[in-house]
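Trainee: Can we go through this model together? I'd like to start with the pockets and then look at the backbone.

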Amino acid sequence: MTKQVAIPCILMRGGTSKGPYFKASDLPADIATRDRVLLAAMGSPDARQIDGIGGADTLTSKVAIVGPSKREGVDVDYLFAQVSVDKAIVDTSPSCGNMLSGVGPFAIESGMVPVAGETTSVVIFDENTQSRIESIVQTGDGAVVYDGSAAISGAPGTSAPVRLNFMDIVGSKTGALLPTGKLTEEIDGVTVTLIDVAVPMMLFRAADLGKTGYETKKELDADKEFFARMEAMRREAGRRMGLGDVADKVVPKAAMLAKPKDGGTIAARYFVPHNTHAAFAVTGGLCVSSCAVLEGSVSDGLAVRPEGHDRLIVIEHPSGVLDVTLETRDTDNGIDIVKGGLLRTARKLMAGEVYVQAAVLQAEAGSDAELKGAA
């Protein structure tokens, strides 16, 4: 009889993503073993994820790992893991701002952070990007409040708002706003901006790859030649940004830009990276917004740039819009990005235990060769 091991978790929708949230102490400390457990829990590698709790989509094959922090002024540490649907790959090189939306509520639900009143501030250290984020969670009646009137594009209905204030976001992986020191450069004859704010990204104009920038997710995902060319460019961008061979990693991410159509700041399509995001990533939104205010970047002639030091950037995407607030300051060389903020929502879907076969925790080290991108 096959033995199974139960691991506690809470399944949550965070922003426009979904996945299990685990206490770090409930997962194996050994990285290779931990990643085998995550693959088994999600049902990967299998296109349907039929033998796990993954949703057979990039946006629903995500994991949040949370634990109390020993860092001064920080409540919890958060590690994000992107679990490939059809490959035995667990990638902890990027972060996920949408899953981050659920970290504050999870920390309170799990007893790591006490309720402080009508709202509770949870300071999170993002291990993926080595940055701090303040999450403002609604906590009326002594518990997390999930019901509310806040709506975000890409998620149905309304929920209580979760305010995310991002700090230390410039140079998340590369240590620099512009890792190559250039506002624009060419890759495969296409002008790009390589920028790192919350997540390293390669940004380009939609027209330069034969697109309008207003295509639907379905239309873009059907164009295999477009993705093949963009992937070759992305790999070269990763090399130039000092990220090495990114063939089996999801960073740098990519996005294409166009003029806004519906009163926003910029229109964009975000890639994750081998298909199109149905809405827009939080970290990607911070990065694209930063590019949109940089004169001399690929956003020139496209973005409707707001003035001042506190700027509202509205990104038009396939499911609606993403509002980003940026605090900037002037420098001799242009502007600095001080911090960014977004409004997200989260909802607890299920609390319980996920079961994996005991053999997963005892697998021989030889099976670890396929696991890539572990922190």
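Mentor: We will take pockets, then cis bonds, then phi angles. This is a predicted model, where local features need pLDDT of at least 70, side-chain atom pairs count only at pLDDT 80 or more, and totals for chains, interfaces and linings use all residues. Residues are numbered from 1 along each chain as its sequence is written, and side-chain values use heavy atoms, with hydrogens and water left out.

Trainee: OK. How much space lies in the largest pocket?

Mentor: About 500 Å³. A pocket here is an open set of points on a 1 Å grid over the protein atoms alone, where a 1.4 Å probe fits, with protein on both sides within 12 Å along at least five of seven lines. The volume is the space filled by probe spheres set on the points, which are joined across faces, edges and corners.

Trainee: And which residues are closest to its centre?

Mentor: T58, S84, V85, D86 and H274, out of 21 that line the largest pocket. A lining residue has an atom within 4 Å of a point.

Trainee: Which domains does that lining draw on?

Mentor: Domain 1 (4-167 + 346-361) and domain 2 (185-331) each give at least three residues. The bounds come from an automatic or database domain assignment.

Trainee: What about the second largest pocket, how much space is there?

Mentor: About 320 Å³. It has 18 lining residues, and V293, L294, E295, G334 and I335 are the closest to its centre.

Trainee: Which element gives the largest share of that lining?

Mentor: β16, with three residues. Strands such as this are DSSP runs of E, at least two residues, and helices are runs of H or I, at least four, numbered from the N terminus.

Trainee: New topic. Where are the cis peptide bonds?

Mentor: One runs from V251 to P252, with omega near 0°, and P252 is in the loop between α5 (224-240) and β12 (253-258). Another joins V272 and P273, with omega about -15°; P273 lies in the loop between β13 (266-271) and α6 (282-292).

Trainee: Why point those out?

Mentor: Because most peptide bonds are trans. Most residues other than glycine also have a negative phi.

Trainee: Which residue goes against that, with a phi of about 60°?

Mentor: D141, which is not a glycine. D141 sits in the loop between β7 (131-138) and β8 (161-166).

Trainee: Is D141 buried or exposed?

Mentor: Exposed, because its relative accessibility is 84%. The cut-offs are under 20% relative accessible area for buried, over 50% for exposed and partly exposed in between, with a 1.4 Å probe and protein chains only.

Trainee: And D168?

Mentor: D168 has a positive phi of about 55° and counts as partly exposed at 38% relative accessibility.
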